[in-house]
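Colleague: I'd like to learn how to read contacts in a model like this one. Could you walk me through it?

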There are 2 protein chains.
Amino acid sequence: MQTKEPIEIAIIEDQQTYGQTLKEVINETSGLHCSRVYANGESAIQDVPKRSLDIILVDIGLPGISGIECIRQLKEQIPKIQFMVITISEDDEKVFAALAAGAASYLLKGTGMAKIAESIKELYDGGSPMSAPIARKLVHFFQQSTKLRKNPNIDLLTKREKEVLELLAKGLMYKQIAGKLFISLETVKSHCHNIYEKLHISNKTEAVIKYYKKTQ
Amino acid sequence: MQTKEPIEIAIIEDQQTYGQTLKEVINETSGLHCSRVYANGESAIQDVPKRSLDIILVDIGLPGISGIECIRQLKEQIPKIQFMVITISEDDEKVFAALAAGAASYLLKGTGMAKIAESIKELYDGGSPMSAPIARKLVHFFQQSTKLRKNPNIDLLTKREKEVLELLAKGLMYKQIAGKLFISLETVKSHCHNIYEKLHISNKTEAVIKYYKKTQ
DNA sequence: GTTCTATCCCCCATTTGTTGGGTTTTTATG
DNA sequence: CATAAAAACCCAACAAATGGGGGATAGAAC
């Protein structure tokens with residue numbers, strides 16, 4: 001069981017002490033192996049493509065090129081490498097930028113070393129370990145982005161009208177909607193007319209815009 | 001330290017044995033207290049508003065009203081209650097529906113009891129504990145939803161065509177676009193025709209949809 | 001019983017999309 | 001620089017889709 005290949009790890013961290021500690025802890029953990037600690041993004045971008053790595057731990061507050069930019073570039077070149085951010089900053093902007101850049105895990109500094117080692121394994125096994133507040137941020141983001149009910153007008157629509165709106169938003173023509181709902185073209189027109197009135201708009205395009213805007 | 005109020009928990013779970021085990025484990029954990037196990041969504045919806053609860057664990061595969069619907073209704077009535085889904089299903093549809101309905105935590109059945117107890121505390125403290133594959137799904141969703149700006153077709157558009165598309169996406173009519181860009185209606189038509197061809201679509205509405213799909 | 005919803009119909013104007021021309025300006029490139 | 005290609009612009013005529021204004025009917029909901 002101990003004989004299989006260890007997970008190959010590198011670290012990008014400008015604070016020598018912390019980076020060194022991380023490296024030591026990783027190398028003391030069975031199944032994990034860390035060969036390199038890069039002190040900045042530039043050297044990592046230079047060197048990483050020459051190595052065969054599974055996971056890279058990145059601090060995002062680096063001098064010079066930011067950890068986020070570093071992830072973006074390396075992820076594009078070598079998509080199979082997974083990135084774990086380990087940092088102090090937990091402001092939304094950084095978190096979302098890091099994830100958008102390709103990070104799959106985000107831990108706050110302060111996380112215990114044992115937990116970090118465990119998280120590395122979890123990441124390798126297809127998870128996305130997050131510190132508690134980060135996970136919550138993600139869930140919030142998701143909930144916002146799916147919350148369709150921001151538009152109070154939309155509640156004024158009847159069931160049927162909502163159905164029609166959905167289909168409009170898929171790009172169907174009146175004729176196709178009629179076919180799909182087994183009603184006549186005239187009925188579709190009526191429904192749309194009512195929809196437009198209730199939403200205070202005047203055509204299909206605006207309806208679609210309204211529909212997609214609320215999904216923001 | 002042990003003197004503060006315990007976290008008040010209820011469970012919605014149709015499988016008696018599992019529900020009972022959960023309850024017992026919770027009540028054996030210091031700081032946690034579970035008074036009720038509801039066997040279905042209906043009874044929970046009836047009774048929960050009368051209690052003062054912090055967290056509800058929900059199985060989504062319930063007879064009758066689904067756990068997801070149950071969360072939606074209760075969350076609307078009492079937003080401060082936090083929901084933790086504990087279920088076997090890990091298909092995207094269920095996961096996303098549950099989170100959209102208001103769940104803040106999602107664990108797969110199979111998670112150890114100790115881990116569940118720990119996760120309850122984490123949830124109460126503002127985290128969003130997720131089983132590994134669920135967390136990864138969320139991250140993927142996020143990355144997709146921010147990344148879709150890679151519609152290669154859109155790069156085929158000329159500068160002017162992009163301008164026109166922008167205005168289409170704002171809901172302007174051809175006539176208005178013509179006015180705004182100081183060109184004739186016929187020119188707008190031409191541009192649109194070319195846009196539709198390049199994007200492999202056939203009308204304004206689809207253009208707007210494509211536009212909004214890529215930008216967010 | 002009145003109101004709301006869903007369905008259908010007609011007529012007519014407007015908007016949009018297609019086809020098939022053009023001209024001029026800009027850009028690329030040999 | 002010359003010239004070809006691409007982009008931006010314009011026109012017309014027609015077809016299709018859309019939107020507005022009238023209706024009307026049946027059934028459900030209140």
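Modeller: Sure. Start with what a contact is: two residues are in contact if their C-beta atoms, placed from the backbone, lie within 7 Å. And keep in mind that this is a predicted model.

Colleague: Okay, so which residues of α3(B) meet α4(B)?

Modeller: From α3(B) you have B:Ile68, B:Ile71, B:Arg72 and B:Lys75, and they meet B:Ala97, B:Ala98 and B:Ala101 of α4(B). Sorted by class, that contact of α3(B) with α4(B) has five nonpolar and two charged residues, and no polar ones.

Colleague: And how do I describe the way helices pack?

Modeller: In general, two packed helices are described by the angle between their axes and the distance between the axes. Here, helix α3 (residues 67–77) and helix α4 (residues 92–101), both of chain B, have axes that come within 8 Å and cross at roughly 10°. Angles under 35 degrees count as roughly parallel, so α3(B) and α4(B) are roughly parallel to each other. The crossing of α3(B) and α4(B) is left-handed.

Colleague: Let's go up a level. How many residues does the contact take from chain B and from chain A?

Modeller: Chain B puts in 30 residues and chain A 29 residues. On the side of chain B that touches chain A, the elements giving two or more residues are α4, α6 (132–147) and α11 (204–215) of chain B.

Colleague: Which element gives the most to that side of chain B?

Modeller: That's α6(B), with 12 residues. By class, the side of chain B that touches chain A has 15 nonpolar, nine polar and six charged residues.

Colleague: Now the DNA. Which residues are closest to DNA strand C?

Modeller: Of the 20 residues that surround DNA strand C, the closest are A:Thr158, A:Arg160, A:Ile183, B:Tyr174 and B:Asn203. At least two residues each come from α7 (159–169) and α9 (185–199) of chain A, and from α9 (174–181) and α10 (185–198) of chain B. The class tally for the surface near DNA strand C is five nonpolar, eight polar and seven charged residues.

Colleague: And which residues come nearest to DNA strand D?

Modeller: There are 20 residues around DNA strand D, and A:Tyr174, A:Asn203, B:Thr158, B:Ile183 and B:Glu186 come nearest. Two or more residues each are given by α8 (174–181) and α9 of chain A, plus α8 (159–170) and α10 of chain B. The largest share of the surface near DNA strand D is from α9(A), with five residues. By class, you get five nonpolar, eight polar and seven charged residues near DNA strand D.

Terms used. Residues are numbered from 1 along each chain as its sequence is written. Chains are lettered from A and ligands numbered from 1 in the order in which they are written. This is a predicted model: local features need pLDDT of at least 70, side-chain atom pairs count only at pLDDT 80 or more; totals for chains, interfaces and linings use all residues. A residue is near a molecule or strand if its C-beta atom, placed from the backbone, lies within 6 Å of it. Helices (H or I, at least four residues) and strands (E, at least two) are DSSP runs, numbered from the N terminus. Ala, Val, Leu, Ile, Met, Phe, Trp, Tyr, Cys and Pro count as nonpolar, Asp, Glu, Lys and Arg as charged, and the others, Gly among them, as polar. Axes are lines fitted to C-alpha atoms, for helices over the stretch in contact, and angles run from 0 to 180 degrees between N-to-C directions. Angles under 35 degrees count as roughly parallel, over 145 as roughly antiparallel, 65 to 115 as roughly perpendicular and the rest as oblique. A crossing is left-handed if the near helix is turned anticlockwise from the far one by less than a right angle, and right-handed if clockwise.
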